[in-house]
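Reader: I have a model open and want to learn how to read it. Where do I begin?

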Amino acid sequence: MATGLGIALHTAGLPVGPDRCERLARAVTVMGATSVAELRACALATMVSDPSQMATFNRVFDALFGGPSPFRNQLPPAGPAFQRADPDGSPQPAQPPGGQVDPSRLPSGWHVSDAAPAAADGDEPLAEGPALRRVASATERLRGRDFTELSPGELRQLVTLMREMTLAIPPRRTRRYRPARDGKRPDLRRTLRLARRSGGEAIRFARRAPRVRPRRLVVLCDISGSMEPYARALLMLLYVLNAGQVRGGDGRGLNRTEVFSFATRLTRLTPALAAASPDTMLAKAGEAAPDWSGGTRIGAAVKEFNDRYGCRGMARGAVVLIISDGWETGEPELLGAQMARLSRVAHRIVWANPRTQSPRYRPEVGGMAAAWPYCDAVVSAHNLDALDDLLSALHAR
């Protein structure tokens, strides 16, 4: 909705870009807007930057959300605030003649309303239109739909909702100490340094406490054919959460998330998380992993991870997330042995298996039966609503 309104305003000549569309989406979410009047207030605060833009804004907004007809009793503006240049270089007014909005240039799904004008006295507020309710219901449908049922466009729409989620990994106690007034351990060196200010008398006693840092998150993502839609959605979630930590300024001292993919081989995808957008991240991940949508060898992939990374320090004290449906083409005994080996060094192992959404699912055979005893939590993570259970499992101590 914010994107569509931004395109319409940009087409009408206002300097509206993706940044203002994002601000409008956040403002509607924070305010909890449920009526057209509240949406107008959010749009005015985020889309308009100059009083001269008010006439164009009101005309476009009323046309899209059922206000007074934009084609009645509308005087043309004194002059276009912004101009564009045609391909031949000649400047053209940014607004259509007569101050009207050209319906053919509106984004798909939007239409010009021909509603009756408001009351003459202007005291009656605009009735709540169905636009916000339609958008809200569409969002609710996306939240409850399985990732396999979403198109690439619908999957990209979930990125905005994923940005509202927070990844909180349980902390770990380090061997280093920090100054603390309520620390239980005395800091003798700092106490002596403070005593130099009082002629050698130890008037103030310094104390210290152990430093606490978040644990490292290690992700092993199955990118075989049966897991490809879920892998895309969960990799987008990891990208959004990782970018939010860095952009929010809370990432100082945080351990970077390590992401690996596996189907027939193990591939490190951590450099792809530094991409500029989720689509670019997925493209780089596809280039780095030649076995995308291939077979599944979970036991061999976990063994390679333990040999090259996990038991050498990466998984020591870390929270390990394994994203797979448990369809093992290799020996289940190998997977069970490697999961036992991983559980001895990791702090916590969480397995995200979309097949567990069914109440009739039972891990009785195959790779999932071999790995189940070594998992601290098993979640489905098959849609956006189920991602809350995944984040809660990662946060548990």
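Author: We go from the overall picture to the core, a cavity, a strand and one residue. Keep in mind that this model is predicted.

Reader: How many helices and strands does the protein have?

Author: The secondary structure comes to 13 helices and eleven strands. The chain has 397 residues, and 44% of them count as buried.

Reader: What share of the contacts join residues at least 24 apart?

Author: Take contacts between residues at least 6 apart in sequence; 74% of these join residues at least 24 apart.

Reader: Now the core. What is the general idea?

Author: In soluble globular proteins, nonpolar side chains tend to be buried together. Here, the largest nonpolar core holds 52 residues. Within this core, L387 and L390 touch the most other members.

Reader: Which elements give two or more residues to this core?

Author: Four are helices: α6 (152-162), α8 (228-247), α9 (278-288) and α13 (387-395). The strands are β6 (217-222), β9 (319-323), β10 (348-352) and β11 (377-379). The most comes from α8, which gives eleven residues.

Reader: Which residues does L390 touch, leaving out those up to four places away in sequence?

Author: L390 touches L234, L237, L321, V350, A352, V379 and A381. There is also a second, separate core of 26 residues. F262, L266, V302 and V345 are among its members.

Reader: Next, cavities. How many of 30 Å³ or more does a search of the whole structure find?

Author: The search finds two. Let us take the second largest, which holds about 50 Å³ of space.

Reader: Which residues line the second largest cavity?

Author: Its lining consists of L234, L237, L238, L241, L321, I323, L390, L391 and L394. Three elements give two or more residues each: α8, β9 and α13. The largest share, four residues, is from α8. By type, the lining has nine nonpolar residues, no polar ones and no charged ones. Note L390 again: this residue lines the cavity and belongs to the largest nonpolar core.

Reader: How do I read a strand? Take β7: is it mostly covered or mostly exposed?

Author: Check burial residue by residue, then face by face. Strand β7 spans residues 258-262 and is mostly covered, with five of its five residues buried. On one side sit E258, F260 and F262, and on the other V259 and S261; all are buried.

Reader: Which strand pairs with β7 in the parallel sense?

Author: That is β6, over five bridges. One place to look is V218, which stands opposite E258 in β7.

Reader: What about β8: does it run parallel or antiparallel to β7?

Author: Antiparallel. Strand β8 covers residues 266-268 and is joined to β7 by three bridges. S261 has T267 in β8 as its bridge partner. Three residues form the hairpin link from β7 to β8.

Reader: Last, a single residue. Where is R156 placed?

Author: R156 is in helix α6.

Reader: Why is R156 classed as partly exposed?

Author: Because its relative accessible area is 43%, and partly exposed covers the range between 20% and 50%.

Reader: Which residues does R156 touch, not counting those up to four places away in sequence?

Author: R156 touches M236 and D279. Look at P278 as well. R156 and P278 are 122 residues apart along the chain, yet their C-alpha atoms are separated by 8.2 Å.

Methods
Residues are numbered from 1 along each chain as its sequence is written. This is a predicted model: local features need pLDDT of at least 70, side-chain atom pairs count only at pLDDT 80 or more; totals for chains, interfaces and linings use all residues. Side-chain values use heavy atoms; hydrogens and water are left out. A nonpolar core is a set of buried Ala, Val, Leu, Ile, Met, Phe, Trp, Tyr and Cys residues joined through side-chain atoms within 4.5 Å. Buried means under 20% relative accessible area, exposed over 50%, partly exposed in between (1.4 Å probe, protein chains only). Contact means heavy atoms within 4.5 Å. On a 1 Å grid over the protein atoms alone, a cavity is a set of points where a 1.4 Å probe fits but cannot get out, and a pocket is an open set with protein on both sides within 12 Å along at least five of seven lines; lining residues have an atom within 4 Å of a point. Grid points are joined across faces, edges and corners, and a volume is the space filled by probe spheres set on the points. Ala, Val, Leu, Ile, Met, Phe, Trp, Tyr, Cys and Pro count as nonpolar, Asp, Glu, Lys and Arg as charged, and the others, Gly among them, as polar. Two strands pair if DSSP finds at least two bridges between them.
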